[in-house]
Amino acid sequence: MQDHHNELQRSMKSRHLFMIALGGVIGTGLFLGSGFTISQAGPLGAIAAYIIGGFLMYLVMLCLGELAVAMPVAGSFQAYATKFLGPSTGFMIGWLYWFSWANTVGLELTSAGILMQRWLPSVPIWIWCLLFGIVIFLINALSVRSFAEMEFWFSSIKVAAIVLFIVIGGAAVFGLIDFKGGQETPFLSNFMTDRGLFPNGVLAVMFTLVMVNFSFQGTELVGIAAGESENPEKTLPKSIRNVIWRTLFFFVLAMFVLVAILPYKTAGVIESPFVVVLDQIGIPFAADIMNFVILTAILSVANSGLYAASRMMWSLSSNKMGPSFLTRLTKKGVPMNALLITLGISGCSLLTSVMAAETVYLWCISISGMVTVVAWMSICASQFFFRRRFLAEGGNVNDLEFRTPLYPLVPILGFCLYGCVLISLIFIPDQRIGLYCGVPIIIFCYAYYHLSIKKRINHEPIEQEQAEVQ
């Protein structure tokens with residue numbers, strides 16, 4: 001970064017950073033994808049899957065915390081992978097992560113269109129996708145401050161709604177609120193199915209972890225946002241610790257209410273199980289209000305995803321791992337070219353609204369879930385090698401503002417457990433597409449880096465020296 005025109009602006013405050021990290025998680029994966037998890041793992045299995053997924057996310061965030069506080073840069077874990085795992089791995093992680101979020105933004109827009117069908121079924125989904133796409137583009141295009149402020153309020157709305165849902169749903173489960181049409185209070189009867197506690201077997205719980213990982217995608221946004229936040233060494237540790245526990249609280253309690261009221265065989269991915277539950281409780285307009293909240297949540301994740309993807313693309317290009325025109329910033333510090341290209345690629349995900357909606361939707365989630373697993377594995381590995389290098393160079397662990405506990409157990413355990421999740425894709429027919437698409441993309445990234453990017457980076461210093469001599 002040679003001058004102020006190529007620098008991102010540190011204008012995010014502590015409250016922005018915290019709500020971005022928390023709000024980036026609560027979206028399609030929870031509100032729509034949870035239906036798939038319930039149907040596959042069963043009631044108790046779904047809760048177990050989110051607890052296991054939350055534990056894995058906790059390990060990753062402990063690793064990311066140490067790295068992000070020590071090196072708060074916009075490229076976040078891509079920059080860490082480049083430095084500690086090798087430039088080719090950093091290149092692969094960065095572009096794979098960018099693709100994942102570009103894909104996710106499209107999924108969120110499609111999900112928003114699906115939700116609008118409740119109120120205006122005659123309007124095609126693609127029209128809503130276009131409209132909402134323009135809205136989140138304008139939010140991101142104004143300035144990082146406008147993005148952060150809007151995300152703060154988006155996140156506040158959905159967090160408040162989740163708390164309200166847990167309270168109302170919990171009251172209905174235990175008979176404090178009557179169900180519509182005189183339905184019997186379920187209490188905990190739905191937990192025991194006609195096929196036992198785990199109707200599809202214990203392994204089904206493990207097989208849903210890819211969907212669960214997709215639900216937790218977004219917690220790592222705190223690392224990317226660190227590059228544009230004020231005093232990251234003070235705000236990051238607090239944000240990371242709070243996000244971990246509050247995320248688990250929201251997800252696990254919300255899942256408890258869902259599986260207690262909704263029979264697992266009726267859950268799916270086309271309609272939100274949250275809306276179905278509120279419909280059954282029969283609170284006037286509650287389902288419509290929840291539908292609006294879920295719409296807000298989904299747009300929030302799309303907003304955050306567009307931000308994360310554009311910053312990752314900008315960071316890659318700034319490090320000569322992408323086209324130079326993507327490094328250009330507006331006067332407000334917004335990477336406009338990266339923003340436009342990301343949104344354009346996101347439009348390809350609109351196929352989920354016109355072609356085999358349920359199947360393609362799950363395929364796209366599988367691809368993004370696979371990428372999330374790979375990215376989080378890289379965070380664990382980067383922290384392991386960062387700490388080892390830090391100690392080898394005479395560093396004192398007590399000098400680190402945020403320290404990953406139980407080193408090296410935490411990064412090794414996180415890396416290995418996520419490796420098991422990745423391998424489990426082989427045994428899930430509906431989600432093998434994540435490997436079928438992901439593995440060739442990874443191989444292509446490595447090959448492209450060594451055949452093209454590496455040569456260009458190596459030639460530039462020579463060309464600069466020749467220019468100076470002339």
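## Overall composition

The accessible surface of the protein comes to about 18,900 Å², and carbon and sulfur atoms account for 67% of that area. The model is a predicted one, and its secondary structure consists of 17 helices with zero strands. Of the 470 residues in the protein, 57% are buried. When contacts between residues at least 6 apart in sequence are considered, 81% of them join residues at least 24 apart.

## Nonpolar cores

The largest nonpolar core has 140 residues, and the residues with the most contacts inside this core are Phe77, Tyr97 and Phe274. A second core, separate from that one, is made of six residues, among them Phe36, Met211, Phe214 and Ile365. In soluble globular proteins, nonpolar side chains tend to be buried together.

Which residues does Phe77 contact once its neighbours within four places in sequence are left aside? The contacts of Phe77 are then with Ile93, Tyr97, Glu220, Ile224, Met312, Ala375, Ser378 and Ile379. Tyr97, one of these partners, is itself listed with Phe77 and Phe274 as having the most contacts inside the largest core.

## Helix H9 and its end

Helix H9, which runs over residues 209-216, is mostly covered, since eight of its eight residues are buried according to the cut-off of under 20% relative accessible area. The buried residues of H9 are Leu209, Val210, Met211, Val212, Asn213, Phe214, Ser215 and Phe216. Two of these names, Met211 and Phe214, also appear in the second nonpolar core. After H9 comes Gly218, which has a positive phi near 125°.

## Salt bridges

A search of the whole structure finds three salt bridges. In one of them the side chains of Glu66 and Arg387 meet, with an N to O distance of 2.6 Å. This pair links distant parts of the chain, with Glu66 in helix H3 (residues 33-70) and Arg387 in helix H15, 321 residues apart. Are the partners in this bridge buried or exposed? Glu66 is buried, with a relative accessible area of 0%, and Arg387 is buried as well, with a relative accessible area of 5%.

Arg118, Asp279 and Asp288 are linked in a network of salt bridges. The closest N and O atoms of Asp279 and Arg118 are 3.4 Å apart; Asp279 lies in helix H12 (residues 273-281) and Arg118 in the loop between helix H5 (87-116) and H6, so this pair ties together parts that are 161 residues apart in sequence. The side chains of Asp288 and Arg118 meet at 2.9 Å, N to O, and this pair also links distant parts of the chain, 170 residues apart, with Asp288 placed in helix H13. Each member of the network counts as partly exposed: Asp279 has 27% relative accessibility, Arg118 has 32%, and Asp288 has 27%.

## A nonpolar patch on the surface

Trp126, Ile127, Leu130, Ile134 and Leu138 make a nonpolar surface patch of about 490 Å². Trp126 is placed in helix H6, which covers residues 125-142, and is partly exposed, with a relative accessible area of 48%. An α-helix has 3.6 residues a turn, so residues three or four places apart point the same way.

## Backbone features in the loops

Most residues other than glycine have a negative phi, and most peptide bonds are trans. Against that background, the peptide bond from Tyr407 to Pro408 is cis, with omega near 5°, and Pro408 lies in the loop between helix H15 (357-392) and helix H16 (409-424). Leu406, whose place is also in the loop between H15 and H16, has a positive phi of about 55° although this residue is not a glycine. At 61% relative accessibility, Leu406 counts as exposed.

Lys320 is likewise not a glycine and has a positive phi, of about 65°. This lysine lies in the loop between helix H13 (286-318) and helix H14 (336-346), and Lys320 is partly exposed, with a relative accessible area of 36%.

## Cysteines

How many disulfides does a search of the whole structure find? The search finds zero disulfides. Cys416 is in no disulfide because the nearest cysteine sulfur, that of Cys420, is 7.1 Å away, whereas a disulfide requires a pair of cysteine sulfur atoms within 2.5 Å. Cys416 is partly exposed, with a relative accessible area of 43%, and Cys437, at 27% relative accessibility, also counts as partly exposed.

Note on methods. Residues numbered from 1 in each chain as written. Predicted model: local features only at pLDDT ≥ 70, side-chain atom pairs only at ≥ 80, totals over all residues. Heavy atoms only, no water. Buried < 20%, exposed > 50% of the residue type's maximum accessible area, 1.4 Å probe, protein only. Patch = residues over 30% accessible without salt bridge, like charges linked within 9 Å, V, L, I, M, F, W, Y side chains within 5 Å. Areas by Shrake-Rupley, 256 points an atom, 1.4 Å probe, with all protein chains shown as cover. Salt bridge = Lys/Arg side-chain N within 4 Å of Asp/Glu carboxyl O. Helix = DSSP H or I, 4+ residues; strand = E, 2+ residues; numbered from the N terminus. Core = buried A, V, L, I, M, F, W, Y, C linked by side-chain atoms within 4.5 Å. Contact = heavy atoms within 4.5 Å.
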